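Let's take a walk through this structure together. Please have the sequence and the 3D view side by side as you read.

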Amino acid sequence: MYPAQFEYHTPGTIREALELLGKLKDDAKLLAGGHSLLPAMKLRLATPKHLVDLAKVPGLTGIKEEGGVLVIGAMTTHYAVESSAVVKAKCPALAAAAALIGDPMVRNKGTIGGSLAHADPAADYPAVIIACGAELVAEGPKGKRTIKADDFFKGLLTTALGADEILTEVRIPVSAPKTGAAYLKFPHPASRFAVVGVAAVVTVDGGKIGKAGVGITGAGTKAVRARGVEAGLAGKSADAAAIQAAAEKAPEGVDVQADLQGSEEYKRHLLKVFARRAVEAAVAAAK
Ligand SMILES: Cc1cc2nc3c(=O)[nH]c(=O)nc-3n(C[C@H](O)[C@H](O)[C@H](O)COP(=O)(O)OP(=O)(O)OC[C@H]3O[C@@H](n4cnc5c(N)ncnc54)[C@H](O)[C@@H]3O)c2cc1C
C-alpha cells in the first residue's frame with residue numbers, strides 16, 4: 001500500500017527543522033530512519049501532510065564519552081550503537097539491545113532517537129535507558145531541556161516530547177566499577193520485537209548486591225522501572241535464591257496486556273523468568 005501524499009522537507013540545521021515544526025504544527029512529522037513511521041504511513045495509520053527529514057541536520061549522529069557520560073546523537077543508527085567499542089565497554093546492555101533489534105536492514109536505517117520518540121511498547125532500548133538511569137535531551141523553540149528516562153515514556157506511543165521539540169541526544173551514565181549489565185528478551189518470532197524484555201544493571205561488591213537498576217519493556221503499554229525487583233535485590237547476597245525472590249516482583253507496576261502473543265498470565269510468567277535471567281547475567285558480568 002502507498003502512503004497518502006505528503007510534502008518532503010530537508011532542513012539543513014536544527015533551527016530550520018524547529019521553524020518548520022513551528023510553522024506546520026500538527027501537519028508535520030519528523031523523519032529519522034523511517035522504520036516505524038513509513039510502515040505506519042503505508043498502512044494509513046499516520047497521514048502527515050509534511051515530512052521533515054533530519055538526515056541532513058548536522059550534529060545529530062555519533063557516540064562519545066564525556067565526563068563519565070555516554071552521549072549518543074539521536075540520529076545514530078542501531079547498527080552504530082551495536083558495533084560501537086565505547087558502548088560495548090561502557091554500557092554493554094545498550095549494545096546488546098541494539099544487536100537484537102529487528103534485522104540488519106532495520107538496524108542500518110533505524111535510529112536510537114526515532115525508536116525512543118516512537119515509544120513502541122515492544123521496543124528494546126526503553127528498558128535499557130530506564131535501567132541505566134539515562135537522560136534525554138530535547139530541543140524546542142524555547143531552547144534545550146533534559147528529561148529523565150523515568151519520566152519520558154507516558155503511555156502507548158506517547159512520550160514527554162512536545163510536538164514542537166526534537167530529541168537530539170541520549171545521555172547515559174557509564175557503568176560504575178564492579179557493575180555488570182545485561183539485556184535479554186523473548187522476541188516475537190516474526191518481527192523480533194520484545195514480547196517481554198528486561199534490562200538489568202547491577203553492582204556487586206564482596207558477594208553483595210549494591211545498586212540495582214532494572215527496566216522492563218514489552219509486556220505493558222509502556223516501558224517501566226521494575227522497582228519491586230530493584231528493592232528485592234538491594235543489599236542482598238548475589239545468589240540464586242535472592243535473585244529468584246526479587247524476580248518474582250517483576251510484574252508489579254506493569255500494566256500487563258493480553259494480546260495475540262499471549263495471555264496476561266503468560267506475560268507475567270515471562271516477566272519473572274526474564275527478570276531472573278537478566279539479573280543473573282548482570283551479576284555474572286559484574287564479577
Ligand atoms: C521489520 C521491523 C522489525 C523491527 N523490530 C524491532 C525490534 O525488534 N525492536 C525494536 O526496538 N524496534 C524494532 N523495529 C522498529 C525500529 O527499531 C525503528 O527503527 C524505530 O522504532 C524507529 O526509529 P526510526 O529512526 O526508524 O524512526 P522513524 O520511523 O523515522 O520515526 C519514528 C517516530 O519518531 C519520530 N521521531 C524520529 N526521530 C525523532 C527525533 N529525533 N525527535 C523527535 N521525534 C522523532 C517520528 O516523527 C516518528 O513519529 C522494527 C521495525 C521493523 C520495520
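The paragraphs below go from the ligand to a pocket and then to the strands.

Before we set off, please keep in mind that this is a predicted model. With that said, let's begin at the ligand. Of the 31 residues around the ligand, L30, S36, L37, T111 and D124 come nearest. Sorted by character, the shell holds 15 nonpolar, twelve polar and four charged residues. Several elements of secondary structure take part: β2 (28–31), α7 (112–118) and β10 (166–173) each bring at least two residues to this shell. The most generous of the contributors is α7, which gives four residues.

Now zoom in on the backbone around the ligand. At L30, a backbone N or O atom lies 2.6 Å from an oxygen atom of the ligand. G33 also places a backbone N or O atom by a ligand oxygen atom, here at 2.8 Å. For L167, the partner is a nitrogen atom of the ligand, 2.9 Å from a backbone N or O atom of that residue. How much of the ligand's area does the protein bury? Taken alone, the ligand exposes 980 Å², and the protein buries 90% of that.

Next, let's turn to a pocket. Rolling a probe the size of a water molecule over the atoms shows where empty space is left. The second largest pocket in this model has a volume of about 350 Å³. Its lining comprises 21 residues, and A131, C132, G133, V201 and K211 are the ones that lie nearest the centre. Twelve residues of the lining are nonpolar, five are polar and four are charged. Helices and strands both contribute: α5 (92–99), α8 (125–131), β11 (179–187), β12 (194–205) and β13 (208–217) each supply at least two residues. Which of the elements gives the most to this lining? That is β13, with three residues.

Three of those contributors, β11, β12 and β13, lead us straight to a sheet. Four strands form this open sheet, in the order β11-β12-β13-β14, with antiparallel pairing. Because β11 and β14 (224–225) stand at the edges and each have a single partner strand, one side of each is left without a neighbour in the sheet. Starting at the β11 edge, nine bridges link β11 to β12 in the antiparallel sense, and you can find K185 opposite G197 of β12. The hairpin made by these two strands has six residues between them, and R192 there takes a positive phi near 75°. At the other edge, β13 and β14 pair, again in the antiparallel sense, over two bridges. There, I216 stands opposite V224 in β14.

Our last stop is a hairpin elsewhere in the chain. Strands β4 (residues 63–66) and β5 (residues 69–73) run antiparallel and are joined by four bridges. To get your bearings, look for K64, whose bridge partner in β5 is V71. Two residues separate the strands of this hairpin, and G67 in the turn has a positive phi of about 55°.

Methods. Residues are numbered from 1 along each chain as its sequence is written. This is a predicted model: local features need pLDDT of at least 70, side-chain atom pairs count only at pLDDT 80 or more; totals for chains, interfaces and linings use all residues. Side-chain values use heavy atoms; hydrogens and water are left out. On a 1 Å grid over the protein atoms alone, a cavity is a set of points where a 1.4 Å probe fits but cannot get out, and a pocket is an open set with protein on both sides within 12 Å along at least five of seven lines; lining residues have an atom within 4 Å of a point. Grid points are joined across faces, edges and corners, and a volume is the space filled by probe spheres set on the points. Ala, Val, Leu, Ile, Met, Phe, Trp, Tyr, Cys and Pro count as nonpolar, Asp, Glu, Lys and Arg as charged, and the others, Gly among them, as polar. A residue is near a molecule or strand if one of its heavy atoms lies within 4 Å of it. A polar contact is a pair of N or O atoms within 3.5 Å; within protein, one must be able to donate a hydrogen and the other to accept it, and residues adjacent in sequence count only if both atoms are side-chain atoms. Accessible areas come from the Shrake-Rupley method with a 1.4 Å probe; for residues, only the protein chains shown count as cover. Two strands pair if DSSP finds at least two bridges between them.
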